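Here is a walk through one protein model, going from its ligands out to the rest of the chain. Keep the viewer open and follow along.

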Amino acid sequence: MSDVGEFRQRLVAAVGLPSIDAFLAQVWQREARVLHDLCDDLTAIIDADELAGLACEPHVESRLVQKAGEHYRLRQGPFSPRDFSALPDSGWTLLVQDVDKHVAAGREFLEGFDFVPRWRLDDLMVSYAAPGGGVGPHIDSYDAFLCQALGRRRWELSGQVDAQRLCADCDLKVLQSFEAERGFELAPGDCLYLPANLGHDGVAIDECMTFSVGFRAVEPSELLGAGSLAADLAQAWLEQASALGHSGYLDRLVSSPPNPGELTEETLRRYRDQVKALLELSPASLDELIDASLARFLTEPKESQFVEPPDEALSAAGLLARLDGGARLRQHPASRWLFIRGVRDESFVVSVDGELYELGSESADFAALVTDQLSLPHARLRAALTHPRHLELVLEWVNSGQLVFAQ
Ligand code: SIN
Ligand code: CO
């Protein structure tokens, strides 16, 4: 399925709504939907043998889940061919994460889902299951499109469930009690759209493969720690404190205290007021800190994924010569990109793999062209490189490996 426009038309037809916007307004994050005949042969992207091969690679995140009675046992990859030949005929599944980072056709498949902002896209996970295989009833904090690539899978869905009640003896977060409200079978080409936090259980009827396109959401509380907002705030407060300088002597005594051991209410009040004044940041500076923290957090690369610099660094002249010779640039599959508009002025900030790059108002087109598409539009990029800052940045990203020459 090469044509993104055609994929969207098929999605709209499958969901029975007039447009993608209608899908987003009425279905997205609201209800599960079965989308029949959405995809062509997905095994052309990766087949079962190739998936098993990927699961043997050390840099690929893979899991084997095997059903043992009522329990589910988990093993983390990498695996060896011998692990697979030792498996029984039924009751297990292999799951491989980030297939889009390792298989170019997987990345192209994801472009069909660009109607959702790119920062929400997490990865393409592909599973292969022997009959009876599955990961057990569970919920995901992700919205997902679960596309059937091979064989049939029976899905059962429940409503909102109590995520606290998990199977104590399972290696996975399997729900302890799961009451299906509806069930159906999906065949190759069909897809299930599943909003986050909905109980679901997919069991392979035949030998089956499922492609899951996952979309993450970020909890505001995550930003404080993992998103480094807490550290940024502390830094801003310290800078403010040092800019304001010393406040003078805080404890002028007017009389001898009755209790020399007491830190008095009056002194406490004075310190409270002064410290609170130091902690007050202007709404615009707070907005800037939050925006920067979010942009960094959302582009932080996954731990399992890394970008490596090329063997030889290019010079600016070398880069331009290659582009003028027809070479095209694309984002490294493991790198994450987005841009935001500045809070106070017309500036732009491009965020790449957790690093922020500030740009002036004249860089609006440049910020969009390096972040919008996986393959950078060649003519627009070349025109943008007449600006020295743009050339400097693109050269930096090429020499860090975050931009690579398309094959
Ligand atoms: C699978 O592909 O086996 C599991 C997908 C899911 O339930 O999230
Ligand atoms: Co799931």
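## The pocket and its ligand

The largest pocket is the space taken by ligand 1. Two elements give two or more residues each to the shell around this ligand, namely β7 (153-160) and β11 (208-215). One thing to keep in mind while looking around: this is a predicted model.

Who stands around ligand 1? The surrounding residues are Leu95, Ser127, His138, Asp140, Leu146, Arg153, Trp155, His200, Thr210 and Ser212. Some of these come with a polar distance to an oxygen atom of the ligand, and the table puts them side by side.

| Residue | Atom in the residue | Partner | Distance |
|---|---|---|---|
| Ser127 | polar side-chain atom | oxygen atom of ligand 1 | 2.7 Å |
| Asp140 | side-chain N or O atom | oxygen atom of ligand 1 | 3.3 Å |
| Arg153 | side-chain N or O atom | oxygen atom of ligand 1 | 3.2 Å |

On its own, ligand 1 has 260 Å² of accessible area, and the protein covers 94% of that.

## The cobalt site

Now for the metal. Which residues coordinate the cobalt ion (ligand 2)? His138 and His200 each do so through NE2, and Asp140 does so through OD, at 2.0 to 2.1 Å. Written along the chain, the spacing of these donor residues is H-x1-D-x59-H. Asp140 sits in the loop between β5 (121-129) and β6 (143-150), whereas His200 belongs to strand β10 (residues 198-204), so this pair ties together parts that are 60 residues apart in sequence.

Are these two donors buried or exposed? Asp140 is partly exposed, since its relative accessible area is 29%. His200 is buried, because its relative accessibility of 3% falls under the 20% cut-off.

The two ligands also share neighbours: His138, Asp140 and His200 coordinate the cobalt ion, and these residues turn up in the list of those surrounding ligand 1 as well. Asp140 has a polar distance to ligand 1 too, with a side-chain N or O atom 3.3 Å from an oxygen atom of that ligand.

## The chain as a whole

Zooming out, the protein chain has 14 helices and 16 strands. Its C-alpha trace spans about 85 × 65 × 50 Å along the principal axes. Of the 407 residues in the chain, 43% are buried.

For a feel of distances across the model, try two pairs. Leu323 and Leu381 are separated by 58 residues in sequence, with their C-alpha atoms 9.3 Å apart in space. Ser177 and Gly360 are 183 residues apart in sequence, and C-alpha to C-alpha they are 55 Å apart.

Leu323 is part of helix α11 (residues 316-324) and is buried, at 1% relative accessibility. Ser177 is found in the loop between β7 and β8 (182-186), and is partly exposed at 39% relative accessibility.

## A buried serine

Strand β14 (residues 348-352) holds Ser351. This serine is buried, its relative accessible area being 0%. What does the side chain of Ser351 reach? It gets to the backbone oxygen of Ala295, at 3.1 Å.

## Backbone oddities

Most residues other than glycine have a negative phi, and most peptide bonds are trans. With that in mind, here are some spots worth a look.

The peptide bond from Gly77 to Pro78 is cis, with omega near 5°. Pro78 lies in the loop between β3 (71-76) and α4 (81-85).

Asp37 is not a glycine, yet its phi is positive, at about 50°. You'll find Asp37 in the loop between β1 (33-35) and α3 (48-55). Asp37 counts as exposed because its relative accessibility is 54%, and the cut-off for exposed is over 50%.

Asp353 also has a positive phi, about 45°, without being a glycine. Its place is the loop between β14 and β15 (355-359). Asp353 is buried, at 13% relative accessibility, whereas Asp37 is exposed.

Terms used. Residues numbered from 1 in each chain as written. Chains lettered and ligands numbered in written order. Predicted model: local features only at pLDDT ≥ 70, side-chain atom pairs only at ≥ 80, totals over all residues. Heavy atoms only, no water. Donors = N, O, S within 2.8 Å, 3.2 Å for Na, K, Ca; no water. Helix = DSSP H or I, 4+ residues; strand = E, 2+ residues; numbered from the N terminus. Buried < 20%, exposed > 50% of the residue type's maximum accessible area, 1.4 Å probe, protein only. Near = heavy atom within 4 Å. Polar contact = N/O pair within 3.5 Å; in protein donor to acceptor, adjacent residues only side chain to side chain. Areas by Shrake-Rupley, 256 points an atom, 1.4 Å probe, with all protein chains shown as cover. 1 Å grid on protein atoms, 1.4 Å probe; cavity = no way out; pocket = protein on both sides within 12 Å on 5 of 7 lines; lining within 4 Å. Sits in = over half its atoms within 2 Å of the grid points.
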